[in-house]
Each structure stands twice: as C-alpha cells, then as structure tokens.
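Me: I'm new to reading protein structures and would love to go through this one step by step. Could you help me with a few questions about how its helices and strands fit together?

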Amino acid sequence: MAAIDGLPPLREVIARHGLAAKKALGQNFLLDLNLTAKIARSAGDLTQSDVLEVGPGPGGLTRALLAEGARHVLAVEKDERCLPALAEIAAAWPGRLEVVHGDALEVDAAARLTPPIRVVANLPYNVGTELLTGWLTPPVWPPFWQSLTLMFQKEVAERIVARPGTKAYGRLALLAQWRCEARIVMVLPPEAFTPAPKVHSAVVQLTALPAPRFPADAKVLNRIVAAGFNQRRKMLRASLRGVAPEIEAKLLAAGIAPTARAEEVSLEAFCALARIVAAG
Ligand code: SAM
C-alpha cells in the first residue's frame, strides 16, 4: 500500500530495524495503515490538539496521528530498538513528533504538552489498566487530557463501559463513568495484530466531563466501591461494615437496600452513599 507520508511499509521497517516483537513489552503491532488511520480518526479532530501516544513501537499509529493532522505528538516508548524507526518518522514530519525513550508510568507527559491534549494509544496489555487508572484519578479534575482513545483487550474494554447488573460491572466502570463519557468505538480480531494475541481487542473512547456526573468525594467513593467489589458476592451491609459506622442506616438513606450486592448498585446511588458517609 502506498503510504501518504512517503515512508516505507511497516513490515519493511520492522525487518530493517530487527523489531521482532517482545512479549514482555506487550508488543502486538498494527501493520495496516488503513486501520491505524481509522483509530486516529476515532479520536476526533486532532488538528487543534497535542497528542500523547504511549508505546509507538514501529510507529504505525504514530504515522496515522501525524497524517490526520495532530498539532504535535509526544510518543513515549520503552523499547530502545524502536527509536531509529521513530526517528525516521520524526524526520518526515519536521517539528511535529517528539519521541521520549522511557516508561510511560514515569514520564510526566502533561509537562511536555500544550492543552488541549488527547491521548491515543494501542496500549501494552501489561500496563494498560495501570495507565488508565492513573489518568482517571488525577489530583484535580478536569484532568490534563480532553479525551483518551485506547486499545485494550476486549474484556477490559467491556469492564470500562459496563452497566450495573452485568458481570463486567465493577470498580473500573464506576471510575471511568463517574467523570467521563465512555464507549467502545471499534472491536478488532486477533489477526489485526502481528503477532496475533489470543483474544479480541477493542478501542475505547473516553471523553472527560467538565465535572463529575454526581457530586462525591473521590477518596470516600473509591473506598466504598473498593470494599463493595472486593467481596462482590456479599450483601453490602456486610461488605461495607468496615467503611463507616451504622452502615445499614446509611445505605437506606442513600436509597440502597442493605441486602443489595455491589454489582446491582448504580453510580448515582454509590455517589449518594459517599456523600452520606462523608457527612459522618
Ligand atoms: N503502537 C504500536 C502499534 O500500534 O503497532 C505498538 C503497540 S504495542 C501493543 C505496545 C507498545 O508499548 C510496544 O511498542 C512496547 O514496547 C511499548 N511499551 C511497553 N511498556 C511500555 C511502557 N511502560 N512505557 C512505554 N512504552 C511501553
């Protein structure tokens, strides 16, 4: 396929730079530039945004982000073998791509970018949930980013968008949906990647809301949700016993049956309970 950036096909890039995929780094590469373009487009209009990309690898998604007009891309890659291939992309798009060699869990990306900032990444599976949790729990809200467009294992994507009463509903759903609009925008079969993983993948689009959907103290809400879902088969009057005194009365005041289980309780009701617990 002729690439619009004049750079060689990704298979050639991988062969020339000896980028055999390493499982320990969660390397499952996207080599189809039509697909990476589709993912980049699902992030919305990039022309007015800086973009943080975690794990650019050989650069398929990076090239798509630049071709879609991202104002500036900061790409954080842990594997130094990828750096020469990424330098070639930077040379093809002068002044638009900055590559940082490091661990995305440690790099202060916000300090290097100018808002509005969008995060777009085909995440390494081994650190994907940890990165997402970090982005969803900043010290202040709204966060440094406007949207997150992230590839996960499909099962993790389903946990992010899950609704009450389903098996996938839990801490991740509540954390994401409390302060974001979250939806799955694409599902990809294993064969879309090289090497093919064992499971399907999905792209989730999270857009930061200006304020939480329902008021609650983040720490109190997190404590309640963690306790409730750590023992998700137990009734809340038992699983939340250690969270606050007279928990049954507090559950009732929040409109939650003390015999309910965490997976049956809506985000709105958890927030009501967090306000009652915080008030003492
Ligand atoms: N973006 C490329 C693509 O779509 O083909 C590669 C995606 S691959 C699933 C994940 C990438 O993240 C790999 O290039 C891997 O080396 C990199 N990576 C793994 N752990 C990382 C970390 N902690 N910080 C930054 N990059 C990491």
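Me: In which hand does H7 cross H8?

Reply: Happy to help, and keep in mind that this is a predicted model. The two helices in question are H7, residues 171–179, and H8, residues 218–230. As H7 passes H8, the crossing is right-handed.

Me: Are H7 and H8 roughly parallel or roughly antiparallel to each other?

Reply: Start with the geometry: the axes of H7 and H8 lie 10 Å apart, at an angle of about 155°. An angle over 145 degrees counts as roughly antiparallel. That is why H7 and H8 are described as roughly antiparallel.

Me: How do the residues in the contact of H7 with H8 divide into nonpolar, polar and charged?

Reply: From H7, the contact uses Arg 171, Leu 174 and Trp 178. H8 brings Ala 218, Leu 221, Asn 222, Val 225, Ala 226, Phe 229 and Asn 230. Sorted by type, they come to seven nonpolar, two polar and one charged.

Me: Which strands stand at the edges of the sheet?

Reply: The open sheet has seven strands with mixed pairing, in the order E4-E3-E2-E5-E6-E9-E7. A strand at the edge has a single partner strand, so one of its sides is left without a neighbour in the sheet. Those edge strands are E4 (97–101) and E7 (180–188).

Me: Which residue in E9 is the bridge partner of Phe 152?

Reply: Let's follow the pairing of E6, whose residues are 147–153. E6 and E9 run antiparallel and are joined by seven bridges. Within E9, the partner of Phe 152 is Ala 202.

Me: And which residue in E6 stands opposite Val 120?

Reply: Here the pair is E5 (residues 117–122) with E6, and the sense is parallel, over five bridges. Opposite Val 120 you will find Thr 149.

Me: How many of the eight residues of E9 are buried?

Reply: E9 has company in the sheet: eight bridges join it to E7, running antiparallel, and Glu 181 stands opposite Thr 207 of E9. Helix H5 (residues 125–136) also lies across E9, along with E2, E5, E6 and E7. E9 is largely enclosed by the rest of the structure, because its buried residues number seven.

Me: What angle does the direction of helix H4 make with that of E4?

Reply: Helix H4 covers residues 83–92 and packs on the sheet. There, H4 touches E3 and E4. Its direction and that of E4 make an angle of about 165°.

Terms used
Residues are numbered from 1 along each chain as its sequence is written. This is a predicted model: local features need pLDDT of at least 70, side-chain atom pairs count only at pLDDT 80 or more; totals for chains, interfaces and linings use all residues. Side-chain values use heavy atoms; hydrogens and water are left out. Axes are lines fitted to C-alpha atoms, for helices over the stretch in contact, and angles run from 0 to 180 degrees between N-to-C directions. Helices (H or I, at least four residues) and strands (E, at least two) are DSSP runs, numbered from the N terminus. Angles under 35 degrees count as roughly parallel, over 145 as roughly antiparallel, 65 to 115 as roughly perpendicular and the rest as oblique. A crossing is left-handed if the near helix is turned anticlockwise from the far one by less than a right angle, and right-handed if clockwise. Contact means heavy atoms within 4.5 Å. Ala, Val, Leu, Ile, Met, Phe, Trp, Tyr, Cys and Pro count as nonpolar, Asp, Glu, Lys and Arg as charged, and the others, Gly among them, as polar. Two strands pair if DSSP finds at least two bridges between them. Buried means under 20% relative accessible area, exposed over 50%, partly exposed in between (1.4 Å probe, protein chains only).
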